[in-house]
Amino acid sequence: MTEDRRVGRYVRMMAREGQGNRLADTLLKVANGMRDAEGCELYLINISNDEADVVWVTEVWADEAASDRALNGELGEVGIGDVLELLAGPPEVVELTPLGGAGLR
């Protein structure tokens, strides 16, 4: 296995009751803002089939610095507060090291 600087994450977000679709829509706006973020290789919004108010974000970044720049800066049409106000609790984050696969260069 070769050393890779990429950063990957699965982020599970639980919305306040009944706010799952609103959270997903808000995160899709964030994802749209990430299209031009330097070093963003994937920022995918997923809804859970089993939990109505759970939204998953799948992220792949060229490196930690790219992730920090993008996620600590402007999020496009929405701000971090717009996301936080919809959450029932803190996001659960699984840190990963992407190795490759279909869709990644």
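## Thr58 in strand S3

With a relative accessibility of 15%, Thr58 counts as buried, since the cut-off for that class is under 20%. This residue of the predicted model is found in strand S3, and, leaving aside residues up to four places away in sequence, Thr58 touches Arg9, Tyr10, Leu42, Tyr43, Leu44 and Asn46. With Asn46 there is also a polar contact between the two side chains, at 3.1 Å. The C-alpha atom of Thr58 is separated by 9.0 Å from that of Arg12, although the two residues are 46 residues apart along the chain.

## Helix H1 and its buried side

Helix H1 comprises 15 residues, from 20 to 34, and reaches 21 Å from its first C-alpha to its last, which is close to the 21 Å expected at 1.5 Å a residue. Buried within H1 are Gly20, Leu23, Ala24, Thr26, Leu27, Val30, Ala31 and Met34. Because these residues cover an arc of only 165° around the axis, they lie on the same side of H1. An α-helix has 3.6 residues a turn, so residues three or four places apart point the same way.

As for what these buried residues meet, they pack against three strands, S1 (7-14), S2 (40-47) and S3 (54-61), and against two helices, H2 (64-71) and H3 (80-84).

## Asp53 in the loop between S2 and S3

Asp53 lies in the loop that runs between S2 and S3. Although buried, Asp53 has no salt bridge, and the nearest side chain of opposite charge, that of Arg12, is 9.9 Å away. The side chain of Asp53 does, however, have backbone partners: a polar atom of this side chain lies 2.9 Å from the backbone nitrogen of Gly18, and the side chain also reaches the backbone nitrogen of Gln19, at 3.4 Å.

When residues up to four places away in sequence are not counted, Asp53 touches Met13, Met14, Ala15, Arg16, Glu17, Gly18, Gln19 and Gly20. Gly20 is also one of the buried residues of H1.

## Ser48 in the same loop

Ser48, too, lies in the loop between S2 and S3, and its relative accessibility of 17% means that Ser48 counts as buried. A polar atom of the Ser48 side chain lies 3.2 Å from the backbone nitrogen of Asp50, while Val54 and Trp56 are the residues that Ser48 touches when those up to four places away in sequence are not counted. Between the C-alpha atoms of Ser48 and Asp82, which are 34 residues apart along the chain, the separation is 20 Å.

Key. Residues numbered from 1 in each chain as written. Predicted model: local features only at pLDDT ≥ 70, side-chain atom pairs only at ≥ 80, totals over all residues. Heavy atoms only, no water. Helix = DSSP H or I, 4+ residues; strand = E, 2+ residues; numbered from the N terminus. Expected span 1.5 Å × (residues − 1). Buried < 20%, exposed > 50% of the residue type's maximum accessible area, 1.4 Å probe, protein only. Arc of directions from axis to C-beta. Contact = heavy atoms within 4.5 Å. Lys, Arg positive; Asp, Glu negative; His and termini not counted. Salt bridge = Lys/Arg side-chain N within 4 Å of Asp/Glu carboxyl O. Polar contact = N/O pair within 3.5 Å; in protein donor to acceptor, adjacent residues only side chain to side chain.
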